[in-house]
Amino acid sequence: QVQLVESGGGSVQAGGSLRLSCAASGYTISSSYMAWFRQAPGKEREGVASISGGGLFTPYADSVKGRFTISKDNTKNTVYLQMDVLEPEDTAMYYCAAALGTYAGGRSRSLSGSSYAYWGQGTQVTVSS
């Protein structure tokens, strides 16, 4: 049974930083793409960042480029999202997602929610101005 458990969310002032973690069990994070998504109240889910199984490719949404960094530690089977220079517009529930090993969409579809089979429960990030 695959489980993805997010942690690290919280409340921070604009300009601050947070690091989210996604610990996977029943799934090997090097087997395929993993990603972070977010959804704010009344808005559609948005792909924020993804990372390929080998870690070579890390696409980002334009809204977070230069501020967020996705990484992973295969020895801990954990994916991270370092979020710097946070803005009130970053306020959302953040979700970790994992693709099946058969995923073949590459970078072009790695920020699409339909590419992912497994999802965590989410962690809330609130940025105040």
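## Close-up views of an all-strand protein

**View 1. The whole chain at a glance.** With 129 residues, a compact globule would have a radius of gyration near 14 Å, and the 13 Å found for this protein agrees with that. Keep in mind as you look around that this is a predicted model. Along the principal axes, the C-alpha trace spans about 40 × 25 × 25 Å. The accessible surface comes to about 6,400 Å², and carbon and sulfur atoms account for 47% of that area.

**View 2. Strands from start to end.** If you go looking for helices here, you will find zero, alongside ten strands. Following the sequence, the pattern reads β-β-β-β-β-β-β-β-β-β. How much of the protein is buried? Of its 129 residues, 45% count as buried. Contacts also reach across the sequence: among those with a separation of 6 or more, 60% are between residues 24 or more positions apart.

**View 3. The open four-stranded sheet.** Here four strands line up in the order β1-β3-β7-β6, with antiparallel pairing, to make an open sheet. Why does one side of β1 and of β6 lack a neighbour in the sheet? Both β1 (3–7) and β6 (68–73) stand at the edges, and each has a single partner strand, so one side is left without a neighbour. From one strand to the next, the twist averages 15 degrees. As a general reminder, strands of a sheet pair through backbone hydrogen bonds, either parallel or antiparallel.

**View 4. Where β1 meets β3.** Now zoom in on one edge of that sheet, where β1 stands. Strand β3 covers residues 18–25 and runs antiparallel to β1, with five bridges joining the two. Which residue of β3 is the bridge partner of Leu4? Look for Ala24, which pairs with Leu4 in this view.

**View 5. The β4–β5 hairpin.** Two further strands come into focus here: β4 (residues 34–39) and β5 are antiparallel and are joined by five bridges. One handy landmark is Phe37, whose bridge partner in β5 is Gly47. The two strands form a hairpin, with six residues between them. In the turn you can pick out Gly42, which has a positive phi of about 80 degrees.

**View 6. Strand β5 under cover.** Staying with the hairpin, this view follows β5 through residues 46–51. Is this strand mostly covered or mostly uncovered? Strand β5 is mostly covered, as five of its six residues are buried.

How values were computed. Residues numbered from 1 in each chain as written. Predicted model: local features only at pLDDT ≥ 70, side-chain atom pairs only at ≥ 80, totals over all residues. Heavy atoms only, no water. Pairing = 2+ DSSP bridges. Axes fitted to C-alpha atoms, helices over the stretch in contact; angles between N-to-C directions. Rg over C-alpha atoms; globule rule 2.2 N^0.38 Å. Buried < 20%, exposed > 50% of the residue type's maximum accessible area, 1.4 Å probe, protein only. Contact = heavy atoms within 4.5 Å. Areas by Shrake-Rupley, 256 points an atom, 1.4 Å probe, with all protein chains shown as cover.
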